[in-house]
Amino acid sequence: MAAPAPRPGLWEHVISGDSLPQPTTVKICVGTTPVGANPFNAPQPGVTCSENTANRTQGGAAFHSVCESQGMTVVSDGQVSGDLNTAYQVRIASRASGVNVPEEMTTMTTAIDAKRLGDCPAGVAPDTVVD
């Protein structure tokens, strides 16, 4: 069964984790997720994912990815909870390996607390960070 996806619109993400000295807030315009895509790990330039799946779970979604970039392989597993219409939370555990991986980045946890702010501003494309 396909994973649920956040409602399209303008979302505020508060991101915290092991590798961040303090939480970071990002506003992003979220579009419709293509059928079969992982809405919680969108493709990024220069990153190739051999696995990138998301599935519906009781109370949310779970996802798994194995991605490579610049000599590093990152395996991530995440849990998503919340209604995805007004708010949701993501908890991610990642393991990185490769010659370019600093010791402090071999295992990481990341938390994203998201809330929907409304519709995207006129003329702003999906996946665009908004000031």
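Ser65 counts as buried, at 2% relative accessibility, and its place is in strand E4. The side chain of Ser65 is joined to that of Asn41 by a polar contact of 3.3 Å. Please keep in mind that this is a predicted model. Asn41 is also one of the residues that lie nearest the centre of the largest pocket, and the points below start from there.

**The largest pocket**

- About 1500 Å³ of space lies in the largest pocket.
- Its lining is made up of 45 residues, and those nearest the centre are Phe40, Asn41, Ala42, Gln44 and Ile92.
- Seen by element, two or more lining residues come from each of E1, E2, E3, strand E4 (60-69), strand E5 (72-82), E6 and strand E7 (107-118).
- Sorted by character, the lining of the largest pocket has 28 nonpolar, 15 polar and 2 charged residues.
- Rolling a probe the size of a water molecule over the atoms shows where empty space is left.

**Aromatic rings**

- Which residues form the aromatic cluster? They are Trp11, Phe40, Phe63 and Tyr88, and together they form one cluster.
- The count of aromatic pairs comes to 3. In the pair of Phe40 and Tyr88, the ring centres are 6.2 Å apart and the planes stand at 70°, so this pair is edge-to-face.
- Phe40 sits in the loop between E2 and E3, while Tyr88 belongs to strand E6 (residues 87-98), so their pairing ties together parts that are 48 residues apart in sequence.
- Are these two rings' residues buried or exposed? Phe40 is buried, because its relative accessible area of 14% falls under 20%. Tyr88 is buried as well, with a relative accessibility of 4%.

**A polar contact to Tyr88**

- Tyr88 also takes part in a polar contact, in which its side chain meets the side chain of His13 at 3.2 Å.
- His13 is found in strand E1, and at 14% relative accessibility His13 counts as buried.

**How strand E2 is paired**

- Strand E1 (residues 9-17) pairs with E2 in the antiparallel sense, over 7 bridges.
- Which residue of E2 stands opposite Val14? That residue is Thr25.
- The link from E1 to E2 is a hairpin, and it runs through 6 residues.
- E2 is joined to strand E8 (residues 128-130) too, by 3 bridges, and these strands run antiparallel.
- In the pairing of E2 with E8, Cys29 has Thr128 as its bridge partner.

**The loop after strand E2**

- Pro45 lies in the loop between strand E2 (24-30) and strand E3 (48-57), and Phe40 is in the loop between E2 and E3 too.
- Is Pro45 buried or exposed? Pro45 counts as exposed, because its relative accessibility of 82% is over 50%. In the loop between E2 and E3, then, Pro45 is exposed, whereas Phe40 is buried.
- Pro45 and Ser69 are 24 residues apart in sequence, and the C-alpha to C-alpha distance between them is 9.4 Å.

Terms used: Residues are numbered from 1 along each chain as its sequence is written. This is a predicted model: local features need pLDDT of at least 70, side-chain atom pairs count only at pLDDT 80 or more; totals for chains, interfaces and linings use all residues. Side-chain values use heavy atoms; hydrogens and water are left out. Helices (H or I, at least four residues) and strands (E, at least two) are DSSP runs, numbered from the N terminus. Buried means under 20% relative accessible area, exposed over 50%, partly exposed in between (1.4 Å probe, protein chains only). Two strands pair if DSSP finds at least two bridges between them. Rings of Phe, Tyr and Trp (its six-membered ring) pair if their centres lie within 6.5 Å; planes under 30 degrees apart count as stacked, over 60 as edge-to-face and the rest as tilted. On a 1 Å grid over the protein atoms alone, a cavity is a set of points where a 1.4 Å probe fits but cannot get out, and a pocket is an open set with protein on both sides within 12 Å along at least five of seven lines; lining residues have an atom within 4 Å of a point. Grid points are joined across faces, edges and corners, and a volume is the space filled by probe spheres set on the points. Ala, Val, Leu, Ile, Met, Phe, Trp, Tyr, Cys and Pro count as nonpolar, Asp, Glu, Lys and Arg as charged, and the others, Gly among them, as polar. A polar contact is a pair of N or O atoms within 3.5 Å; within protein, one must be able to donate a hydrogen and the other to accept it, and residues adjacent in sequence count only if both atoms are side-chain atoms.
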